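Me: I would like a close look at one part of this model, with its surroundings described residue by residue. Please take the loop that carries an unusual backbone angle and follow its contacts outward.

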Amino acid sequence: MKKLFKEHSPYFIILTLGETIVSIIATLSFIYTDSLTYSKSLIIQAMGIEKLLESMYTSTWWALVLLLLFFVSLFSIMTIIYKDLKYYTISFGCLIELLILSINFANPIKYTLMNIMIFIPIIVLNIIAYNYEKKKLQVKNKTRQKNK
């Protein structure tokens, strides 16, 4: 564990851990609510196929969000393993895609601004973690080249 914090930025490690925990919790809650939605739709026949289709559409949208959350945490973990910032750039792109998906122009501007205000700190933290990780990897690469 000490080696992990020595080789990588603590901001980056904590952010990756947080992203992974959020991804796991979101996936587990989706599985739980999805099973409730489908079982309720199958039990209540009075609502008909419309309710089932509505829940499937909503579930598909949430599945896309969960997939992006998974990719964010996966690429962050790959950055730790392979010590290459290309993966973290892809992870950052997935966060931007999550921001784009959260914006819905049919809702009032208040909801759009609230979504943007949620994502601004996350994006700023990712930029800070990226910069610290870049410095750590550059120092490590310089010491590796000196040893050769």
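Reply: What follows starts at one loop residue and works outward to the helices, the cores and the pocket.

The model is predicted. The chain holds five helices and zero strands, and read along the sequence its pattern is α-α-α-α-α. Of its 148 residues, 28% count as buried. Among contacts between residues at least 6 apart in sequence, 69% join residues at least 24 apart.

The part in question is the loop between helix 3 and helix 4, where Lys83 is placed. Lys83 has a positive phi of about 55°, although it is not a glycine. Most residues other than glycine have a negative phi. The relative accessibility of Lys83 is 28%, so this residue counts as partly exposed.

The side chain of Lys83 forms a salt bridge with Glu7, the closest N and O atoms being 3.4 Å apart. This pair links distant parts of the chain, with Lys83 in the loop between helix 3 and helix 4 and Glu7 in helix 1, 76 residues apart. Glu7 counts as buried because its relative accessibility is 18%, and the cut-off for buried is under 20%.

Glu7 also forms a salt bridge with Lys3, where the closest N and O atoms are 4.0 Å apart. Here both residues lie in helix 1 (residues 2–7), four residues apart, about one turn of the helix. Lys3, at 59% relative accessibility, counts as exposed. Lys3, Glu7, Lys83 and Lys140 are linked in a network of salt bridges.

The structure holds four salt bridges. One of them joins Lys86 to Asp84, with the closest N and O atoms 3.4 Å apart. Lys86 counts as exposed, with a relative accessibility of 55%, while Asp84 is partly exposed at 25%.

On the helix 3 side of the loop, the residue to look at is Ile80, which is placed in helix 3. Ile80 is buried, with a relative accessible area of 15%. Leaving out residues up to four places away in sequence, Ile80 touches Leu4, His8, Phe12, Ile13 and Thr16. The C-alpha atoms of Ile80 and Glu7 are separated by 8.9 Å, although the two residues are 73 apart along the chain. Glu7 thus appears twice in this account, as the salt-bridge partner of Lys83 and in this C-alpha pair with Ile80.

Next come the nonpolar cores. The largest has 13 residues, and Leu66, Leu69, Leu98 and Phe119 touch the most other members. Two or more residues each come from helix 2 (10–43), helix 3 (49–82), helix 4 (86–102) and helix 5 (109–147). Helix 3 gives the most to this core, with five residues. Apart from it lies another core, of eight residues, including Phe12, Ile13, Leu15 and Ala129. Phe12 and Ile13 are also among the residues that Ile80 touches.

Helix 5 takes part in the largest core. This helix has 39 residues and reaches 56 Å from its first C-alpha to its last, close to the 57 Å expected at 1.5 Å a residue. Its buried residues are Thr112, Phe119, Ile123, Asn126, Ala129, Glu133 and Leu137. Of these, Phe119 is in contact with Leu95, Leu98, Leu99 and Ser102, leaving aside its neighbours within four places in sequence.

The last item is the largest pocket, which has a volume of about 390 Å³. Of the 17 residues that line it, the closest to its centre are Val22, Leu69, Leu98, Phe119 and Ile122. Helix 2, helix 3, helix 4 and helix 5 each give two or more residues to the lining. Helix 3 gives the most to this lining, with five residues. Leu69, Leu98 and Phe119 therefore appear in two lists: they are among the core members that touch the most others, and they are among the lining residues closest to the pocket centre.

To return to the loop: Lys83 combines a positive phi of about 55° with a salt bridge to Glu7 in helix 1, and Lys83 belongs to a network that also includes Lys3 and Lys140.

Note on methods
Residues numbered from 1 in each chain as written. Predicted model: local features only at pLDDT ≥ 70, side-chain atom pairs only at ≥ 80, totals over all residues. Heavy atoms only, no water. Core = buried A, V, L, I, M, F, W, Y, C linked by side-chain atoms within 4.5 Å. Buried < 20%, exposed > 50% of the residue type's maximum accessible area, 1.4 Å probe, protein only. Contact = heavy atoms within 4.5 Å. Expected span 1.5 Å × (residues − 1). 1 Å grid on protein atoms, 1.4 Å probe; cavity = no way out; pocket = protein on both sides within 12 Å on 5 of 7 lines; lining within 4 Å. Points joined across faces, edges and corners; volume = space filled by probe spheres on them.
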